[in-house]
Amino acid sequence: VQLQASGGGLVQAGESLRLSCTASASIHSIPTVAWYRQAPGKQRELVASIIHGIGIDYSDSVKGRFTISRDSVKNTLDLQMNNLRPEDTAVYYCNAQRGHVNYWGQGTLVTVSS
């Protein structure tokens, strides 16, 4: 599965961004899809995920502000990010898991200024 993330950019605190990840396979056919992020000097962390048969989950730091979704028309995995904070600054990666194999997009940079 090839993944291509886009939508990052520079915004001010309180503004919104929408990230999209285009997949080479049907986005609905992939059992687990997720967004991760990695801030400078920190480990990559899970932001939000959609797991088949389980549902949607968010990290506590983004709950209520971010929404993960799949667009079957565009075949994308999206992340709507509202009320952005400087601490959301990171490279965001889309992820797909099929069996024991993890697939990663190339990452898109989100910078939030205060």
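K63 is partly exposed, with a relative accessibility of 48%. In this predicted model, the side chain of K63 meets that of D60 in a salt bridge, 3.3 Å from N to O. D60 counts as exposed, because its relative accessibility of 67% lies over the 50% cut-off. K63 stays in the partly exposed class because 48% does not pass that cut-off.

Next to D60 in the numbering comes S59. S59 sits in the loop between strand 6 (55-58) and strand 7 (66-71). S59 is buried, because its relative accessible area is 17% and the limit is 20%. What does S59 touch, once neighbours within four places in sequence are set aside? The contacts are L46 and V47.

Those contacts lead to strand 5, which spans residues 45-51. Strand 5 pairs with strand 6 in the antiparallel sense. Four bridges join the two strands. S49 has D57, in strand 6, as its bridge partner. The two strands form a hairpin, with three residues between them. In the turn, G53 has a positive phi of about 85°.

Now turn to the charged pairs. Side chains of opposite charge can pair when their charged atoms come close. The structure holds five salt bridges. One of them joins R37 and E45, with the closest N and O atoms 2.7 Å apart. R37 is buried, at a relative accessible area of 6%. E45 is partly exposed, at 35%. The two ends of this bridge therefore fall into different burial classes: R37 is under the 20% limit, while E45 lies between 20% and 50%.

R37 also forms a salt bridge with D88. Here the closest N and O atoms are 2.9 Å apart. This pair links distant parts of the chain. D88 is in the loop between strand 8 (76-81) and strand 9 (90-98), whereas R37 is in strand 4 (residues 32-38). The separation is 51 residues. Are D88 and R37 buried or exposed? Both are buried. The picture widens with R65: R37, E45, R65 and D88 are linked in a network of salt bridges.

Strand 8 holds another acidic residue, D78. D78 is buried, because its relative accessible area of 3% is under the 20% limit. The side chain of D78 joins that of S20 in a polar contact of 2.8 Å. Beyond its neighbours within four places in sequence, D78 is in contact with R18, L19, S20, C21, W35, T67, I68, S69 and D71.

C21, one of those contacts, leads to the disulfide. The count comes to one disulfide. Which cysteines form the disulfide? C21 and C94 do, with their sulfur atoms 2.1 Å apart. C21 lies in strand 3 (residues 17-23) and C94 in strand 9, so the pair ties together parts that are 73 residues apart in sequence. The torsion about the S-S bond is about 60°, so the disulfide is right-handed. C21 and C94 are both buried.

Two links now stand side by side. The salt bridge of D88 and R37 spans 51 residues of sequence. The disulfide of C21 and C94 spans 73. Each joins buried residues: D88 and R37 in the salt bridge, C21 and C94 in the disulfide.

Terms used: Residues numbered from 1 in each chain as written. Predicted model: local features only at pLDDT ≥ 70, side-chain atom pairs only at ≥ 80, totals over all residues. Heavy atoms only, no water. Buried < 20%, exposed > 50% of the residue type's maximum accessible area, 1.4 Å probe, protein only. Contact = heavy atoms within 4.5 Å. Salt bridge = Lys/Arg side-chain N within 4 Å of Asp/Glu carboxyl O. Polar contact = N/O pair within 3.5 Å; in protein donor to acceptor, adjacent residues only side chain to side chain. Disulfide = S-S within 2.5 Å. Pairing = 2+ DSSP bridges.
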